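The following exercises are to be worked with the sequence and the model at hand. Each task is followed by a solution in steps.

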Amino acid sequence: MKMKCPACGRELTPMTAGDITVDVCDGGCGGIWFDNFEFEKVDDREESAGEALLDIKRDPNVQVDHEARRMCPKCDNIVMMRHFASIKRQVEVDECPACGGIWLDYGELAAIREQFASQEEKQRATKEYFDEIVGQKLKKMAEEDATKAEKARRLASMFRFICPSYYIPGKQDWGAF
(Lines give C-alpha, C1' and ligand atoms only; values in the text may rest on other atoms or scores of the structure.)
Protein backbone atom coordinates (compact mmCIF):
# COMPACT_ATOMS: atom_id res chain seq x y z
CA MET A 1 0.00 0.00 0.00
CA LYS A 2 1.46 3.34 -1.05
CA MET A 3 1.21 6.08 1.53
CA LYS A 4 0.76 9.76 0.79
CA CYS A 5 2.69 12.47 2.58
CA PRO A 6 0.47 14.10 5.23
CA ALA A 7 2.19 17.47 4.67
CA CYS A 8 2.37 17.87 0.89
CA GLY A 9 0.43 14.93 -0.57
CA ARG A 10 3.27 13.33 -2.53
CA GLU A 11 3.89 9.59 -2.47
CA LEU A 12 6.17 8.43 0.35
CA THR A 13 9.25 6.35 -0.47
CA PRO A 14 10.63 3.56 1.77
CA MET A 15 14.14 4.19 3.12
CA THR A 16 16.23 1.89 5.29
CA ALA A 17 18.21 3.32 8.19
CA GLY A 18 19.97 0.73 10.33
CA ASP A 19 17.46 -1.99 11.16
CA ILE A 20 14.33 0.06 10.41
CA THR A 21 12.58 1.07 7.22
CA VAL A 22 10.82 4.42 7.33
CA ASP A 23 8.79 6.25 4.70
CA VAL A 24 10.16 9.58 3.51
CA CYS A 25 8.88 12.37 1.30
CA ASP A 26 11.98 12.24 -0.89
CA GLY A 27 12.06 15.12 -3.36
CA GLY A 28 8.96 16.67 -1.79
CA CYS A 29 8.72 18.33 1.62
CA GLY A 30 11.44 16.09 3.14
CA GLY A 31 9.27 14.75 5.98
CA ILE A 32 9.66 11.31 7.59
CA TRP A 33 7.02 8.76 8.70
CA PHE A 34 8.00 6.41 11.53
CA ASP A 35 5.85 3.39 12.32
CA ASN A 36 5.23 2.67 16.00
CA PHE A 37 8.51 2.35 18.01
CA GLU A 38 10.78 3.23 15.07
CA PHE A 39 11.36 6.84 16.09
CA GLU A 40 12.93 5.79 19.42
CA LYS A 41 15.70 4.01 17.48
CA VAL A 42 16.98 7.23 15.85
CA ASP A 43 16.04 10.12 18.14
CA ASP A 44 19.36 10.35 20.07
CA ARG A 45 22.56 11.60 18.48
CA GLU A 46 24.40 8.46 19.67
CA GLU A 47 22.16 6.32 17.44
CA SER A 48 24.11 6.15 14.18
CA ALA A 49 21.14 4.82 12.18
CA GLY A 50 19.55 8.26 12.40
CA GLU A 51 22.40 9.92 10.50
CA ALA A 52 21.07 8.63 7.17
CA LEU A 53 17.73 10.33 7.81
CA LEU A 54 19.15 13.82 8.29
CA ASP A 55 19.64 14.55 4.59
CA ILE A 56 16.35 13.72 2.88
CA LYS A 57 16.19 15.42 -0.52
CA ARG A 58 13.69 18.23 -0.43
CA ASP A 59 12.15 20.50 -3.04
CA PRO A 60 12.50 24.09 -1.77
CA ASN A 61 9.46 25.08 -3.86
CA VAL A 62 7.17 22.80 -1.84
CA GLN A 63 5.41 24.93 0.75
CA VAL A 64 4.11 23.21 3.90
CA ASP A 65 1.56 24.69 6.29
CA HIS A 66 3.08 23.82 9.68
CA GLU A 67 -0.08 24.87 11.52
CA ALA A 68 -2.41 22.55 9.58
CA ARG A 69 -3.65 19.38 11.24
CA ARG A 70 -2.26 16.26 9.58
CA MET A 71 -4.05 13.07 8.65
CA CYS A 72 -2.29 9.78 9.38
CA PRO A 73 -0.83 8.37 6.15
CA LYS A 74 -1.35 4.81 7.40
CA CYS A 75 -4.82 4.95 9.00
CA ASP A 76 -8.03 6.04 7.28
CA ASN A 77 -9.53 9.34 8.48
CA ILE A 78 -7.45 9.68 11.66
CA VAL A 79 -6.20 13.14 12.58
CA MET A 80 -2.79 13.04 14.21
CA MET A 81 -2.20 14.67 17.57
CA ARG A 82 0.55 17.24 17.94
CA HIS A 83 2.82 17.21 20.97
CA PHE A 84 6.34 18.11 21.99
CA ALA A 85 9.04 15.53 21.34
CA SER A 86 10.95 16.19 24.57
CA ILE A 87 10.85 18.06 27.83
CA LYS A 88 12.68 21.00 26.30
CA ARG A 89 9.45 21.69 24.39
CA GLN A 90 11.28 22.90 21.29
CA VAL A 91 10.05 20.52 18.58
CA GLU A 92 6.46 19.45 17.97
CA VAL A 93 5.74 16.14 16.27
CA ASP A 94 2.54 14.64 14.90
CA GLU A 95 1.52 11.26 16.32
CA CYS A 96 -1.34 9.00 15.26
CA PRO A 97 -3.51 8.02 18.23
CA ALA A 98 -4.56 4.81 16.45
CA CYS A 99 -1.32 3.24 15.16
CA GLY A 100 1.28 5.17 17.18
CA GLY A 101 3.16 6.32 14.08
CA ILE A 102 5.04 9.62 14.16
CA TRP A 103 5.42 12.23 11.42
CA LEU A 104 8.38 14.61 11.45
CA ASP A 105 8.61 17.60 9.14
CA TYR A 106 11.90 18.42 7.44
CA GLY A 107 14.60 19.38 9.98
CA GLU A 108 12.72 18.19 13.05
CA LEU A 109 14.75 14.99 13.46
CA ALA A 110 18.00 16.98 13.42
CA ALA A 111 16.58 19.44 15.98
CA ILE A 112 15.46 16.59 18.27
CA ARG A 113 18.82 14.83 18.03
CA GLU A 114 20.66 18.06 18.94
CA GLN A 115 18.67 18.85 22.09
CA PHE A 116 20.83 16.80 24.46
CA ALA A 117 24.59 16.23 24.27
CA SER A 118 24.38 12.90 26.11
CA GLN A 119 21.95 10.42 27.60
CA GLU A 120 22.99 11.61 31.08
CA GLU A 121 22.03 15.20 30.20
CA LYS A 122 18.66 13.98 28.92
CA GLN A 123 18.02 12.01 32.13
CA ARG A 124 19.07 14.96 34.31
CA ALA A 125 16.76 17.32 32.39
CA THR A 126 13.91 14.82 32.70
CA LYS A 127 14.41 14.55 36.47
CA GLU A 128 14.56 18.33 36.86
CA TYR A 129 11.39 18.77 34.82
CA PHE A 130 9.61 16.06 36.82
CA ASP A 131 10.68 17.68 40.09
CA GLU A 132 9.53 21.08 38.82
CA ILE A 133 6.11 19.85 37.72
CA VAL A 134 5.31 17.11 40.22
CA GLY A 135 7.92 17.40 42.97
CA GLN A 136 6.22 20.13 45.01
CA LYS A 137 2.88 18.33 44.84
CA LEU A 138 4.46 15.06 46.00
CA LYS A 139 6.29 16.84 48.83
CA LYS A 140 3.05 18.48 49.96
CA MET A 141 1.21 15.15 49.80
CA ALA A 142 3.95 13.46 51.86
CA GLU A 143 3.76 16.24 54.46
CA GLU A 144 -0.05 15.93 54.62
CA ASP A 145 0.24 12.15 54.96
CA ALA A 146 2.80 12.53 57.75
CA THR A 147 0.47 14.96 59.55
CA LYS A 148 -2.49 12.58 59.14
CA ALA A 149 -0.40 9.64 60.34
CA GLU A 150 0.71 11.56 63.43
CA LYS A 151 -2.92 12.49 64.21
CA ALA A 152 -3.92 8.84 63.82
CA ARG A 153 -1.10 7.75 66.17
CA ARG A 154 -2.20 10.30 68.79
CA LEU A 155 -5.82 9.20 68.48
CA ALA A 156 -4.83 5.54 68.80
CA SER A 157 -2.70 6.38 71.82
CA MET A 158 -5.62 8.20 73.46
CA PHE A 159 -7.94 5.31 72.62
CA ARG A 160 -5.49 2.87 74.23
CA PHE A 161 -5.34 5.06 77.34
CA ILE A 162 -9.14 5.45 77.55
CA CYS A 163 -10.00 1.83 76.76
CA PRO A 164 -6.93 -0.26 77.68
CA SER A 165 -8.88 -3.48 78.22
CA TYR A 166 -10.11 -3.47 74.60
CA TYR A 167 -6.71 -3.04 73.07
CA ILE A 168 -4.22 -5.86 73.03
CA PRO A 169 -1.78 -5.25 70.16
CA GLY A 170 -2.26 -7.75 67.36
CA LYS A 171 -5.04 -9.71 69.13
CA GLN A 172 -8.21 -7.90 68.07
CA ASP A 173 -10.06 -8.65 64.81
CA TRP A 174 -11.57 -5.19 64.40
CA GLY A 175 -8.68 -2.74 64.53
CA ALA A 176 -6.17 -1.37 62.13
CA PHE A 177 -3.27 -1.70 64.64
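**Exercise 1.** Determine whether Asp94 is buried or exposed, and identify the partner of its side chain.

*Solution.* At a relative accessibility of 3%, Asp94 is classed as buried; buried denotes under 20% relative accessible area, exposed over 50%, and partly exposed the range in between (1.4 Å probe, protein chains only). Asp94 lies in strand β5, residues 92-95, where strands (E, at least two residues) and helices (H or I, at least four) are DSSP runs numbered from the N terminus. Its side chain makes a polar contact of 3.5 Å with the side chain of Arg70. Such a contact is a pair of N or O atoms within 3.5 Å; within protein, one must be able to donate a hydrogen and the other to accept it, and residues adjacent in sequence count only if both atoms are side-chain atoms.

The model is predicted: local features need pLDDT of at least 70, side-chain atom pairs count only at pLDDT 80 or more, and totals for chains, interfaces and linings use all residues. Residues are numbered from 1 along each chain as its sequence is written, and side-chain values use heavy atoms, with hydrogens and water left out.

**Exercise 2.** Establish the strand order of the open sheet and state which strands stand at the edges.

*Solution.* The six strands follow the order β1-β2-β3-β6-β5-β4 with antiparallel pairing; two strands pair if DSSP finds at least two bridges between them. β1 (13-17) and β4 (81-84) are the edge strands: each has a single partner, so one side of each lacks a neighbour in the sheet. From one strand to the next, the twist averages 35°, with axes as lines fitted to C-alpha atoms (for helices over the stretch in contact) and angles from 0 to 180 degrees between N-to-C directions. Within this order, β3 (residues 32-34) and β6 (residues 102-104) are joined by three antiparallel bridges, and Phe34 stands opposite Ile102 in β6.

**Exercise 3.** Examine the backbone of Phe37 and Asn77 in the loop between β3 and β4.

*Solution.* Most residues other than glycine have a negative phi. Phe37, however, has a positive phi near 75°, and Asn77 has a positive phi near 55°. Phe37 is exposed, with 59% relative accessible area; Asn77 is likewise exposed, at 70%.

**Exercise 4.** Locate Met141 and classify its accessibility.

*Solution.* Met141 belongs to helix α2, residues 119-162. Its relative accessibility of 48% places Met141 in the partly exposed class.
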